[in-house]
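Here is a short note to go with the entry you are looking at. I have kept to the ligand site.

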Amino acid sequence: MIADLHCHSTASDGELSPDALVRRAMECGVDTLAITDHDTVDACAELHAADFPAIRLIPGIEFSTRWHNMGVHVIGLDIDLESTTLAAAIRQQKVARRERAAEISARLAKRGIEDALDGALSFAGNAQIGRPHFARFLIARGYVRSPGEAFRKYLGAGKAGDVKQYWPEMRDVIGWIRSANGTAILAHPAKYKLTNVRLAALADAFQTEGGQAIEVISGQQPIDVTRRLGKLCTDRGLLASCGSDFHGPGQPWSELGRFGSLPDSCRPVWELWQDRDRG
Ligand code: AMP
Ligand code: MN
Ligand code: MN
Ligand code: MN
């Protein structure tokens, strides 16, 4: 069984349409897929399970949150797409992302880069706008040659585009996911570059606030990271999730379904849904 429970479509900063994303997942041998766009469920809402009998689709989302002034991503899986709490949360995030984009643009203007908001919006279209759309604008204008360079110079940690104050508290986001009958998962804990002590504090806070699982595997990663995160998970009796964080073709380290297995000691998050389906 290959479950890929983290990937992005054109509804946020991914490159493939929801339909093309599901088809690619099937070609990659994935049998359970969650599309987890940033702060939107548009992709999940537009897909019809009946069109894809060969794959199980789990409704998902990746929320941007704040914890002690640090940006933390929380995945919601198996969420009720009809939830009014979820709909209100997504509306709030849409406003937050739009205001944040204006702030990023103002900061870039101070560095001599004009019209970044309009430029990024033209790349985002109807998608939830994010820094990758600014990266595409910066490349199109010739300021940088690659997304990596755009983040290194303008958008990454400590740079002009690193704006976090618009995100809701992690605690509130976990509450939104739970109230939509979903499972709240701490996304890619290794990406926050925390010390062991800080990472343990984050996992403890996440659990205390109602979080249920940890993303033990995020794309291709060193085995010692998998072991460390597996222990973070089992020490607390949390469930374990896994996903590629696929954003588009051309990034072989995050191809759909292509990552290592969860450690045997971990209880996978899909047990929750299988128990429910059986019972
Ligand atoms: P945002 O949602 O606006 O905070 O943007 C975060 C997104 O930017 C992540 O989900 C990645 O898709 C992308 N990203 C983050 N860091 C980098 C990087 N160094 N190079 C390319 N893309 C990145
Ligand atoms: Mn992204
Ligand atoms: Mn993320
Ligand atoms: Mn992601």
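1. Which pocket is taken by ligand 1? Ligand 1 fills the space of the largest pocket. A pocket here is an open set of points on a 1 Å grid over the protein atoms alone, where a 1.4 Å probe fits, with protein on both sides within 12 Å along at least five of seven lines.

2. A word on the basis: this is a predicted model, with local features needing pLDDT of at least 70 and side-chain atom pairs pLDDT 80 or more, while totals for chains, interfaces and linings use all residues. Residues are numbered from 1 along each chain as written, ligands are numbered from 1 and chains lettered from A in written order, and side-chain values use heavy atoms, without hydrogens and water.

3. The shell (residues with a heavy atom within 4 Å) consists of Asp13, His38, Arg97, Arg100, Gly130, Arg131, Pro132, Phe151 and His247. Domain 1 (3–90 + 166–278) and domain 2 (94–155) both contribute to this shell, so ligand 1 lies between them; the bounds come from an automatic or database assignment.

4. Now the polar side chains: oxygen atoms of ligand 1 lie 2.8 Å from an N or O atom of Arg100, 2.9 Å from a polar atom of His38 and 3.1 Å from an N or O atom of Asp13. The protein covers 70% of the 510 Å² of accessible area (Shrake-Rupley, 1.4 Å probe) that ligand 1 has alone.

Terms used:
A polar contact is a pair of N or O atoms within 3.5 Å; within protein, one must be able to donate a hydrogen and the other to accept it, and residues adjacent in sequence count only if both atoms are side-chain atoms. On a 1 Å grid over the protein atoms alone, a cavity is a set of points where a 1.4 Å probe fits but cannot get out, and a pocket is an open set with protein on both sides within 12 Å along at least five of seven lines; lining residues have an atom within 4 Å of a point. A molecule sits in a cavity or pocket if more than half of its atoms lie within 2 Å of its grid points.
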